[in-house]
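Here is a friendly briefing to read alongside the model. Keep the 3D view open and turn it as you go.

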Amino acid sequence: MQLTKKQWAVLIYFPILWLVWAGVELGLMPVFEQEFLPDSTALFLIKEGVLKILIWIVPAVLLIRKFDDEMQVRLKEMFTGCFDWRRFLLVLAVLIAVMVGNHVLSVHSLHFHPTWRLVGFLLVGLTEEIVFRGWLLNAMQNEKNRKFMPEINGILFVIIHIPCWIHEHLMEQAFLHFGFLSVFAVGILFAWSFTRFRSIWPPIILHIAYDALLTMME
């Protein structure tokens, strides 16, 4: 089967993104951590803001624009199209209820800790969702090819987290304790929400809510 230019772009893009981001996590971030405190605001904004915009957003948006006519959801519709807010709010409420309920069952208490990273989560949600749902899922999936696409997208979402887990010494927690399954599950949820609502905003909002709750309930 002969691949289209768009399919070649997807196949080339993700390995390059992974290798470059692994270089950032495992090579560049340890250098920055010698100049900044590991948990500092500046370091967080450099990584999640400046570097992700340059490495993730810019190439992804250029590719979306290049193949706009072939995408399942076109660029304009992705950002400005209307969707059913009432149904989306129900999905958001279910996600929050599941996360809070699971936390209470695990630790038998519920405490929220304010975090300065809430603004940063806006950047994380925006950058990661434009790349994984707005570009990769959107380019791979079409009306005739939907089977297993959310699951494949969820697997790619897990793979991109591996350099971060190595850098932060979380590989044991991620794989031996099956922490990667939660990343896989929310990756599928974010992919489904993009396909269901045909807009990038639902997965962005779900992603921000997930990261914020996860951090505040730690």
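**Helix α4 and its surroundings**

Buried residues of α4 are Phe88, Val91, Leu92, Leu95, Met99, Val100 and His103, where buried means under 20% relative accessible area, exposed over 50%, and partly exposed in between (1.4 Å probe, protein chains only). Please keep in mind that this is a predicted model, in which local features need pLDDT of at least 70, side-chain atom pairs count only at pLDDT 80 or more, and totals for chains, interfaces and linings use all residues. Residues are numbered from 1 along each chain as its sequence is written, and side-chain values use heavy atoms, with hydrogens and water left out.

- Helix α4 has 23 residues, and its first and last C-alpha atoms lie 33 Å apart, close to the 33 Å expected at 1.5 Å a residue; the expected span is 1.5 Å times one less than the number of residues.
- The cover over the buried residues of α4 includes α8 and α9, with contact meaning heavy atoms within 4.5 Å.

**The overall fold**

- You will find nine helices and zero strands in this protein; helices (H or I, at least four residues) and strands (E, at least two) are DSSP runs, numbered from the N terminus.
- The radius of gyration is 18 Å, close to the 17 Å that the globule rule gives for 218 residues, so the protein is as compact as a globular protein of that length. That radius is taken over C-alpha atoms, and the globule rule is 2.2 Å times the number of residues to the power 0.38.
- Along the principal axes, the C-alpha atoms fill a box of roughly 50 × 45 × 35 Å.
- Of the 218 residues, 44% count as buried.
- Among contacts between residues at least 6 apart in sequence, 77% join residues at least 24 apart.

**Surface and charge**

- The accessible surface comes to about 12100 Å², and carbon and sulfur atoms account for 69% of it; areas come from the Shrake-Rupley method with a 1.4 Å probe, and for residues only the protein chains shown count as cover.
- The protein has 17 positive and 18 negative charges, whose mean positions are 13 Å apart. Lys and Arg count as positive and Asp and Glu as negative, while His and the chain ends are not counted; each charge is placed at NZ of Lys, CZ of Arg, CG of Asp or CD of Glu.

**Helix α8**

- Helix α8 covers residues 180–197, and its 18 residues should span 26 Å at 1.5 Å a residue, which agrees with the 26 Å between its end C-alpha atoms.
- Its buried residues are Val183, Val186, Gly187, Phe190, Ala191, Ser193, Phe194, Thr195 and Phe197.
- Those buried residues of α8 pack against α3 (75–80), α4 (85–107), α5 (118–140), α6 (149–167) and α9 (201–216).
- Leu189 also belongs to α8, and Leu189 is partly exposed, with a relative accessible area of 22%.
- Neighbours within four places in sequence aside, Leu189 is in contact with Val91, Leu95 and Leu206.
- Leu189 and Gly154 are 35 residues apart in sequence, and their C-alpha atoms are 8.5 Å apart in space.

**Helix α9**

- With 12 of its 16 residues buried, α9 is largely enclosed by the rest of the structure.
- The buried set in α9 is Pro202, Pro203, Ile204, Leu206, His207, Ile208, Ala209, Tyr210, Asp211, Ala212, Leu213 and Met216.
- Cover for the buried residues of α9 includes α4, α5, α6 and α8.
- The 16 residues of α9 should span 22 Å at 1.5 Å a residue, and its end C-alpha atoms are indeed 22 Å apart.

**Two histidines to look up**

- His161 lies in helix α6 and is buried, with a relative accessible area of 17%.
- Outside its neighbours within four places in sequence, His161 is in contact with Glu128 and Val183.
- His169 sits in the loop between α6 and α7 (171–176) and is exposed, with a relative accessible area of 73%.

**Positive phi angles**

- Most residues other than glycine have a negative phi.
- His169, which is not a glycine, has a positive phi of about 55 degrees.
- Phe178, in the loop between α7 and α8, has a positive phi near 60 degrees and counts as exposed at 53% relative accessibility.
- Arg198, just after α8, takes a positive phi of about 55 degrees.
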